[in-house]
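Student: I'd like a close look at a single part of this model. Could you choose one spot, and then work outwards from there into the rest of the fold?

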Amino acid sequence: MSKGKFFILLVITISLCLQSCNGFAQTLKEVARKAVIQCSSLNEKLEAKEVVEMKVIKIVDGDTFDGLTKDFKQVRVRLAAFDAPEKGQPYGNNARQKLSELLFGKEVVVVMTGKEHYSRMIAKVYTKDSVDVVAEMLKSGMGWHFKRFDNNLLYHEMEEEARNAQVGLWHKDAHTPIAPWVWRKMSKEERDKNR
């Protein structure tokens with residue numbers, strides 16, 4: 001770890017300690033865990049290829065939207081670290097609706113992390129109020145933390161909490177959730193049985 005990253009981690013740890021000293025409710029281990037998460041999030045932002053502000057003009061599905069940049073370029077953005085049910089899959093419309101509630105017609109900050117083979121920008125997305133869109137989708141039980149491409153512990157915990165609370169697609173009366181990456185590989189007959 002470089003001296004700069006260590007210093008940032010130390011500052012965040014001290015800051016979190018000061019915030020939690022009043023009630024002694026958090027252990028030092030919990031404070032350190034939060035500091036590492038914040039530091040890795042900050043590191044992602046610092047290492048991002050591009051940061052773009054845009055207005056969301058269309059919700060494509062539960063993890064993809066179209067935005068219009070300040071120079072009037074239309075850009076398709078897929079949420080990094082998150083996979084929502086596909087169109088036609090149980091809870092696909094619910095996830096699309098939740099993303100629409102969070103983003104449609106609003107200004108967002110997009111922190112590009114890569115490009116996909118569909119020419120979609122893959123990005124972390126934040127509202128103007130600094131709300132992490134993936135975090136909100138996970139807390140609402142609208143999809144999966146895409147652990148194959150992301151190791152954010154906070155996202156993992158949010159998905160687990162939604163599962164345990166049986167929120168969204170994790171609701172006990174919902175269909176047995178099938179991960180989108182599994183759904184995409186299923187035959188039409190298999191999909192029809194699971195709708």
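Tutor: Happy to! Let's begin at leucine 138, which is buried, with a relative accessible area of 1%. Here buried means under 20% relative accessible area, exposed means over 50%, and partly exposed lies in between, using a 1.4 Å probe on protein chains only. Before going further, note that this is a predicted model: local features need pLDDT of at least 70 and side-chain atom pairs count only at pLDDT 80 or more, while totals for chains, interfaces and linings use all residues. Residues are numbered from 1 along each chain as its sequence is written, and side-chain values use heavy atoms, with hydrogens and water left out.

Leucine 138 sits in helix 4. Helices (H or I, at least four residues) and strands (E, at least two) are DSSP runs, numbered from the N terminus. If we set aside neighbours within four places in sequence, leucine 138 is in contact with Phe82, Gly143, Trp144, His145, Tyr155, Met158, Glu159 and Ala162, where contact means heavy atoms within 4.5 Å. Glutamate 161 lies 23 residues from leucine 138 in sequence, with their C-alpha atoms 8.9 Å apart.

In another direction, the C-alpha atoms of leucine 138 and aspartate 83 are separated by 9.6 Å, although these positions lie 55 residues apart along the chain by sequence separation. Aspartate 83 belongs to strand 4 (residues 82-83). Aspartate 83 counts as buried because its relative accessibility is 0%. Beyond four places in sequence, aspartate 83 is in contact with Asp63, Arg78, Gly143, Trp144, Phe146, Pro180, Trp181 and Arg184. Gly143 and Trp144 therefore deserve a second look on your screen: they are among the contacts of aspartate 83, and they are also among those of leucine 138.

Now to the helix that carries leucine 138. The largest nonpolar core has 29 residues, and the members that touch the most others are Phe65, Val77, Leu103, Val110 and Val125. A nonpolar core is a set of buried Ala, Val, Leu, Ile, Met, Phe, Trp, Tyr and Cys residues joined through side-chain atoms within 4.5 Å. Two or more residues come from each of strand 1 (50-61), strand 3 (74-79), helix 3 (92-103), strand 5 (107-115), strand 6 (121-127), helix 4 (133-139) and helix 5 (153-165). Helix 4 gives the largest share of this core, 5 residues. Apart from this core lies another one, of 5 residues, including Trp144, Ala162, Trp170 and Ala179. In soluble globular proteins, nonpolar side chains tend to be buried together.

Valine 125 gives a view of the larger set from inside: not counting residues up to four places away, its contacts are Phe65, Val77, Leu79, Leu103, Val108, Val109, Val110, Val131, Asp132 and Val133.

The strands that feed this core are also paired, which takes at least two DSSP bridges between two strands. Strand 1 runs antiparallel to strand 5, joined by 6 bridges, one of which pairs glutamate 50 with methionine 112. Strand 1 is also antiparallel to strand 2 (residues 64-69), again through 6 bridges, and a hairpin of 2 residues links them. Valine 56 has glycine 67 of strand 2 as its bridge partner, and glycine 67 in turn has valine 75 of strand 3 as a partner. Strand 2 and strand 3 are antiparallel over 5 bridges; 4 residues lie between them in their hairpin, where phenylalanine 72 has a positive phi of about 65°. Strand 2 is mostly covered, with 5 of its 6 residues buried.

Finally, the whole chain. The protein chain has 7 helices and 7 strands, in the order α-α-β-β-β-β-α-β-β-α-β-α-α-α. Of its 195 residues, 42% are buried. Among contacts with a separation of 6 or more, 56% are between residues 24 or more positions apart.
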